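Here are a few notes for anyone opening this one up for the first time. Have a look at the picture, then read on.

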Amino acid sequence: MGATQKGVEILEKMEMIDQPGVVTGKETFAKDFIQAIAKYHHRTRQVEMF
C-alpha cells in the first residue's frame, strides 16, 4: 500500500504508518513502493485493521 500527501494523513488516522508493506511519500517513495510490491506478502500485517 502506498500513499502520499492526503493519503498519508488517512493512514496516520488509521494507525497504519510503519506497518509492513505500507510505504508513504518521501524522497525514495517510488523505489520503496516497488520493493514493497516485489515482496508481495506481508504476513505480519494485522488483517483485522481493514
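Which residue forms a salt bridge with Lys6?

1. That partner is Glu9, and the closest N and O atoms of the two are 3.9 Å apart. Keep in mind that this is a predicted model. The cut-off for a salt bridge is 4 Å, so the pair counts at 3.9 Å. A search of the whole structure turns up 1 salt bridge.

2. Why can these two meet? Side chains of opposite charge can pair when their charged atoms come close. Glu9 and Lys6 are 3 residues apart in helix H1, so about one helical turn separates them. As for the surroundings, Lys6 is exposed, with a relative accessible area of 59%. Glu9 counts as partly exposed because its relative accessibility is 37%, and the partly exposed range ends at 50%.

3. Now for the overall layout. The protein chain has 2 helices and 2 strands, and reading along the sequence gives the pattern β-α-β-α. Helix H1 covers residues 6-13, and helix H2 covers residues 29-39.

4. How far can you trust the model? The average pLDDT of the protein chain is 82, and 78% of the residues score at least 70. Among the elements, helix H1 has the highest mean pLDDT, at 92, while helix H2 has the lowest, at 84. A general caution applies here: where pLDDT is low, the predicted coordinates should not be read in detail.

5. Helix H2 has a pair of its own. Phe29 and Phe33 both lie in this helix, 4 residues apart, which is about one turn. The search of the whole structure finds 1 aromatic pair. In that pair, the ring centres of Phe29 and Phe33 are 5.6 Å apart and the planes are at 15 degrees, so the two rings are stacked. The cut-off for stacked is an angle under 30 degrees. Phe33 has a relative accessibility of 26%, so this residue counts as partly exposed.

6. Some figures for the chain as a whole. The protein chain has 50 residues, and 24% of them count as buried. About 4,100 Å² of the chain is exposed, with carbon and sulfur atoms supplying 53% of that area. Looking at contacts between residues at least 6 apart in sequence, 37% join residues at least 24 apart.

7. To tie the two helices together: helix H1 holds the salt bridge pair Glu9 and Lys6, and helix H2 holds Phe29 and Phe33. Those are good places to start when you turn the model around.

Note on methods
Residues numbered from 1 in each chain as written. Predicted model: local features only at pLDDT ≥ 70, side-chain atom pairs only at ≥ 80, totals over all residues. Heavy atoms only, no water. pLDDT = per-residue confidence, 0-100. Salt bridge = Lys/Arg side-chain N within 4 Å of Asp/Glu carboxyl O. Buried < 20%, exposed > 50% of the residue type's maximum accessible area, 1.4 Å probe, protein only. Contact = heavy atoms within 4.5 Å. Areas by Shrake-Rupley, 256 points an atom, 1.4 Å probe, with all protein chains shown as cover. Phe/Tyr/Trp six-rings, centres within 6.5 Å; stacked < 30°, edge-to-face > 60°.
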